[in-house]
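Subject: A structure for you to look at

Hi there,

Here is the structure I promised to pass on to you. Have a look at it first, and then read on for what turned up in it.

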Amino acid sequence: MRTRPPACLPFSFASLARREPLGAGGYHAYDRTAGRVAETIDRLDRMNAVSEIIVVGIVPADRMRDYSHPGYEAYGRGIVQQLKPRIDTRVRRCTGPRHTAVMGSSLGGVSALYVAWQYPELFGMAGCLSSTLGVMDDLFARIAVEPRRDIAVYLDSGWPRDNFDTTHAMRDLLIARGSYAES
């Protein structure tokens with residue numbers, strides 16, 4: 001994990017009175033062709049579609065290891081024990097799980113769901129985009145038997161060749177376990 005991850009701060013961040021929610025993104029967060037996070041967040045904010053947020057991009061040391069089982073255990077601990085405390089002490093932001101999300105795409109979405117599932121007291125939301133669920137993780141098995149978590153999970157997948165079947169299966173499992181509501 002990079003020691004100085006890039007951050008995207010809202011334009012109004014100069015206001016000392018404001019506190020913003022936090023979102024942590026993965027490998028593609030700052031790739032000009034894949035993520036375009038700053039532009040997208042700015043556009044959604046101008047449309048009043050989302051509140052202003054702070055986004056921190058996390059670049060893994062080894063994407064395949066850090067975003068899959070068992071490597072995402074150490075990766076998640078690094079986020080929880082090193083990165084998040086550093087952000088919490090240095091950046092004015094809303095705190096608590098309902099103001100803190102983790103998200104990613106492909107294997108990054110797998111690690112995002114792992115982090116939110118493992119640490120629901122810190123992350124109340126997970127965004128999983130085109131996630132390769134069930135390939136290199138134990139999340140289906142864990143979610144099937146562990147107590148439900150008080151987290152909001154956003155699952156997204158293109159169709160038909162964009163991890164659609166596994167995304168649909170995870171949605172069905174989360175609904176059956178009472179951890180997911182369709183909107």
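Following the chain from its start, you will meet the pattern β-β-α-β-α-α-β-α-β-α-β-α. That gives six helices and six strands. Please keep in mind that this is a predicted model.

How far can you trust it? The mean pLDDT of the chain is 82, with 79% of the residues at 70 or more. Among the elements, H5 has the highest mean pLDDT, 97, while strand S2 (residues 22–25) has the lowest, 58. Take care with residues 15–19 too, where the pLDDT is below 50; beyond near neighbours in sequence, that stretch makes eight contacts in the model.

Now for the chain as a whole. Of its 183 residues, 43% are buried. About 10,000 Å² is exposed, and carbon and sulfur atoms supply 54% of that area. If you take the contacts with a separation of 6 or more, 72% of them join residues 24 or more positions apart.

Next, the inside. In soluble globular proteins, nonpolar side chains tend to be buried together. The largest nonpolar core here has 32 residues, and the members touching the most others are Leu113, Phe123, Leu139, Ile143 and Met170. Two or more residues each come from strand S3 (54–57), helix H3 (71–90), H4, S5, H5, S6 and H6. Which element gives the most to this core? H4 does, with eight residues.

That makes H4 a good helix to look at closely. H4 covers residues 107–118, and its 12 residues should span 16 Å at 1.5 Å a residue; the end C-alpha atoms are 16 Å apart, so the two values agree. Because 11 of the 12 residues are buried, H4 is largely enclosed by the rest of the structure. Among those buried residues are Gly108, Gly109, Ser111, Tyr114 and Trp117. Leu113 is also one of them. Leaving aside neighbours within four places in sequence, Leu113 is in contact with Ala126, Cys128, Leu133, Leu139, Ile143, Val153 and Met170.

Helix H6 (residues 164–176) passes the length check as well: 13 residues at 1.5 Å a residue should span 18 Å, and its end C-alpha atoms are 18 Å apart. Its buried residues are Thr167, Met170, Arg171, Leu173 and Leu174. They cover an arc of only 165 degrees around the axis, so they sit on the same side of H6. On the other side, Asp165 and Ala176 are exposed. What do the buried residues of H6 pack against? They pack against H4, helix H5 (139–145) and strand S6 (152–156). After H6 comes glycine 178, with a positive phi near 80 degrees.

One last residue to find on your screen is serine 131, in the loop between strand S5 (125–129) and H5. Is serine 131 buried or exposed? Its relative accessibility is 1%, and since buried means under 20%, serine 131 counts as buried. Not counting residues up to four places away in sequence, serine 131 touches Gly104, Ser106, Gly109, Val110, Asn163, Thr166 and Thr167. Two of those names should be familiar: Gly109 is among the buried residues of H4, and Thr167 is among those of H6.

Enjoy exploring it!

Best wishes

Definitions and conventions:
Residues numbered from 1 in each chain as written. Heavy atoms only, no water. Helix = DSSP H or I, 4+ residues; strand = E, 2+ residues; numbered from the N terminus. Expected span 1.5 Å × (residues − 1). Buried < 20%, exposed > 50% of the residue type's maximum accessible area, 1.4 Å probe, protein only. Contact = heavy atoms within 4.5 Å. Areas by Shrake-Rupley, 256 points an atom, 1.4 Å probe, with all protein chains shown as cover. Arc of directions from axis to C-beta. Core = buried A, V, L, I, M, F, W, Y, C linked by side-chain atoms within 4.5 Å. pLDDT = per-residue confidence, 0-100.
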